[in-house]
Amino acid sequence: MSLARKLALLVAVPLVAVIGYAALALVTSVGQAVDSGRLADEVSLARTAGVLTRDLHRERLASLALLQSPPTDEQRADFRALARKTDADAAGYRGQRAGLDTVPGHFSDVLERIDTGLDGLPGLREQVLSGRNANLSAITFRYRIIAADLATLREQVSAGAPAELTGDLRAAAQLSRITEYIGLQQIAVLRAAADPYLTPAANDEVRAARAGVVDAAYAFSQGAPASWRGWYDRARVGDDARSVQVMDDAVARMQPGQKVTLDDAAWNAAMNAHLDQLAAVERRVDDAVVASVEDYRDGQVLRSLIQAAAVLVTLAAAVVVAIWLGAPMIRGLRQLRTAAHTAAYESLPAAVFALRGRNALGRATPRQYADAANDAVAVRGTDEIAQVGKAFNELNHSAIHLAAQQAAMRDQMDEMFVALARRAERLTSALIAQVDLTEREEQDPDRLAALFVLDHLATRMRRTNNSLLILGGEGSARVRKEPMSCHDLLGAAVSQIARYQQVDLHSEVDHQNLDRVIAAEMTDHLAHLFAELIDNATAFSSPNSRVTVVAAPSGDGAVVTVTDKGIGFSSDALAAARARLADPDQNPGAVRAMGLAVVGRIASWYGIDIDIRSAAKQGTVVKVGLPPRVFTRRADFDWFHGLARAAAPSRIATATSAGSSAGAPAGAAVPSAGTDRRDSAKISGVMTAFARGIGAHRAANGKPDRPTPDLVEKS
């Protein structure tokens with residue numbers, strides 16, 4: 001079976017099961033179960049709100065008694081007892097309100113209004129008890145607002161209920177409205193009876209309360225079940241209900257301007273008894289509503305569980321099929337992924353890295369080297385996974401073959417560099433020897449100056465040859481036998497560049513310890529390194545500017561700073577230069593940027609740290625950290641070098657010529673460059689004569705000073 005068919009079968013079964021059962025059954029059923037659970041919490045909260053409404057009515061009725069006539073201590077005690085009962089039920093309400101997991105949008109506003117009203121009850125009660133700034137109408141109105149919000153809460157519970165429960169919830173809310181309007185009627189009649197005569201406003205308030213009772217009762221009868229209507233009708237036919245009806249009819253017949261004659265005690269007793277009967281009916285209705293909602297919730301939960309069980313069974317079947325078909329495929333993919341990851345991040349980079357050294361192929365051809373490498377992935381079977389493994393092995397083989405070809409090409413280039421450099425070195429050595437012989441016999445200053453220019457040019461040619469040798473991985477066959485002071489080393493580096501007159505050389509390393517010198521086997525390489533850096537500094541600076549080279553001790557090592565005021569590096573060029581120093585391995589641009597490549601290789605051999613800081617048109621500062629390993633001690637070091645350095649002008653570079661060579665990386669045998677056999681003191685004298693005497697001699701004879709040939713090399 002092909003991989004495509006396996007994947008299709010693996011995905012089809014769970015996909016059909018999840019979409020068919022979960023989407024059509026579980027989503028709807030679980031959603032209804034959650035909604036029914038939330039509805040049960042809301043109905044329970046509404047029932048508590050009904051209890052709280054009745055508490056507020058009793059408290060409101062007691063406040064009316066306190067404010068209509070001078071209160072007694074017994075009335076205040078009754079009011080406080082009713083307030084405590086209200087606070088207890090309010091605490092229960094707040095607990096249930098905090099237990100709501102989610103609050104629907106249509107529910108949140110009324111809940112906030114109820115919370116605000118309940119929070120204001122302590123201040124309202126204080127006004128009632130103290131009688132200060134107490135307005136009966138305002139206090140009654142505030143109680144009415146809280147009760148109205150509680151009634152609204154009961155009505156809005158039905159907004160998110162299913163259709164089979166909506167009628168019952170609305171009927172229960174209307175029953176709560178009936179009790180609230182009857183309470184308002186009780187308060188309105190008492191207030192009207194307390195006035196000298198029935199005012200039009202009081203008459204309207206009484207009639208509005210009666211109309212509210214009638215409207216709420218009609219709405220209740222339209223939506224309530226027959227049993228609920230029976231409970232309500234029986235609550236309206238007792239003696240208390242008839243007494244209320246008789247007194248209510250008497251008040252209703254009163255006209256504005258007449259005095260309302262009413263027995264307040266009898267009215268309150270009849271109304272309270274009637275409200276208690278209605279409260280009992282309301283509790284039975286609320287219990288019935290809660291039971292209905294809980295039954296609905298339990299049914300939805302059971303339905304969701306059954307459907308979830310069916311989905312689980314289907315998914316289990318899908319998992320069994322998927323495991324049966326997919327386990328071998330998944331195992332093969334994991335093995336392929338692990339092998340590919342190992343090849344990509346371990347074996348292939350290791351193989352490519354092994355080819356970075358010289359003559360890494362040995363006698364093998366690139367094809368033979370690639371064929372000898374092991375397969376990256378063990379291939380089993382003939383399906384698509386096995387075909388991918390074979391393709392990856394081919395890719396790995398091609399990558400190794402390409403790396404081997406590049407290694408062979410690098411070896412060929414190294415051999416070419418070495419061969420060209422060796423030939424040029426022999427010719428350069430012969431040229432220097434011939435110039436040296438001519439210099440010894442020449443007495444004329446002009447000719448000696450011309451010979452010095454040729455000598456200096458040949459020295460720079462030798463540095464170029466040695467750079468090619470370093471790029472090719474080899475060094476000169478000559479070996480220096482004596483160490484050099486740090487100042488002489490830098491002087492030898494300056495003597496190998498074109499614009500040596502621009503260099504100011506300062507060294508504090510030798511002043512502190514004359515016995516501390518550069519090891520003989522490293523002098524030519526280090527002189528070559530500094531020559532490349534100083535040459536770059538002068539090449540990219542104005543001929544009128546100065547390049548400063550300062551050597552300062554740093555612990556057991558030294559720091560050499562090369563500073564110029566040239567054009568500097570752009571940010572991109574600076575990043576490229578740092579990268580080339582950090583990775584000095586040969587690349588296609590090594591010859592074009594040979595100086596930095598040579599500096600990077602020499603630095604990597606001896607563990608030298610090089611830091612370049614530069615900005616465009618602001619110059620460059622290069623710091624070279626020489627580690628302790630490049631220094632040695634020689635107690636019998638020739639004091640002539642220190643005396644000669646002190647006698648030489650600060651702006652004239654020491655002319656000790658040091659040929660450059662390449663070597664092996666640190667830890668291997670380092671090939672050393674040869675030593676220029678010319679008399680260094682004589683060359684220094686010639687340089688001094690050329691820089692001072694010859695120019696003055698030509699000026700005295702009316703001859704224009706010949707400019708130094710522009711032989712600047714840009715590394």
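Q: Which helices each supply at least two residues of the lining of the largest cavity?
A: First, a word on what you're looking at: it's a predicted model, where local features need pLDDT of at least 70, side-chain atom pairs count only at pLDDT 80 or more, and totals for chains, interfaces and linings use all residues. Residues are numbered from 1 along each chain as its sequence is written, and side-chain values use heavy atoms, with hydrogens and water left out. Helices here are DSSP runs of H or I with at least four residues, strands are runs of E with at least two, and both are numbered from the N terminus. Each giving at least two lining residues, the helices are α1 (3-68), α6 (163-194) and α10 (264-354).

Q: What is the volume of the largest cavity?
A: On a 1 Å grid over the protein atoms alone, a cavity is a set of points where a 1.4 Å probe fits but cannot get out, and lining residues have an atom within 4 Å of a point. Grid points join across faces, edges and corners, and the volume is the space filled by probe spheres set on them. The structure holds five cavities of 30 Å³ or more. For the largest one, the volume comes to about 100 Å³.

Q: How many residues of each class line the largest cavity?
A: Ala, Val, Leu, Ile, Met, Phe, Trp, Tyr, Cys and Pro count as nonpolar, Asp, Glu, Lys and Arg as charged, and the others, Gly among them, as polar. The lining includes Val43, Arg47, Leu169 and Asp286. Sorted by class, the lining has eight nonpolar, no polar and three charged residues.

Q: Why are α2 and α4 called roughly parallel or roughly antiparallel?
A: Axes are lines fitted to C-alpha atoms, for helices over the stretch in contact, and angles run from 0 to 180 degrees between N-to-C directions. The axes of α2 (residues 73-98) and α4 (residues 121-130) come within 11 Å and cross at roughly 175°. Angles over 145 degrees count as roughly antiparallel, under 35 as roughly parallel, 65 to 115 as roughly perpendicular and the rest as oblique. The two helices are therefore roughly antiparallel.

Q: Which strands stand at the edges of the open sheet?
A: Two strands pair if DSSP finds at least two bridges between them. Five strands make an open sheet with mixed pairing, in the order β1-β3-β4-β6-β5. Those with a single partner strand have one side left without a neighbour in the sheet, so the edges are β1 (503-507) and β5 (609-614).

Q: What is the bridge partner of His506 in β3?
A: Strands β1 and β3 (residues 547-554) run parallel and are joined by five bridges. Across from His506, the partner in β3 is Val550.

Q: Which residue in the turn between β3 and β4 has a positive phi?
A: β3 and β4 (residues 557-564) pair in the antiparallel sense over seven bridges. They form a hairpin with two residues between them, and the turn residue with a positive phi of about 65° is Gly555.

Methods: On a 1 Å grid over the protein atoms alone, a cavity is a set of points where a 1.4 Å probe fits but cannot get out, and a pocket is an open set with protein on both sides within 12 Å along at least five of seven lines; lining residues have an atom within 4 Å of a point.
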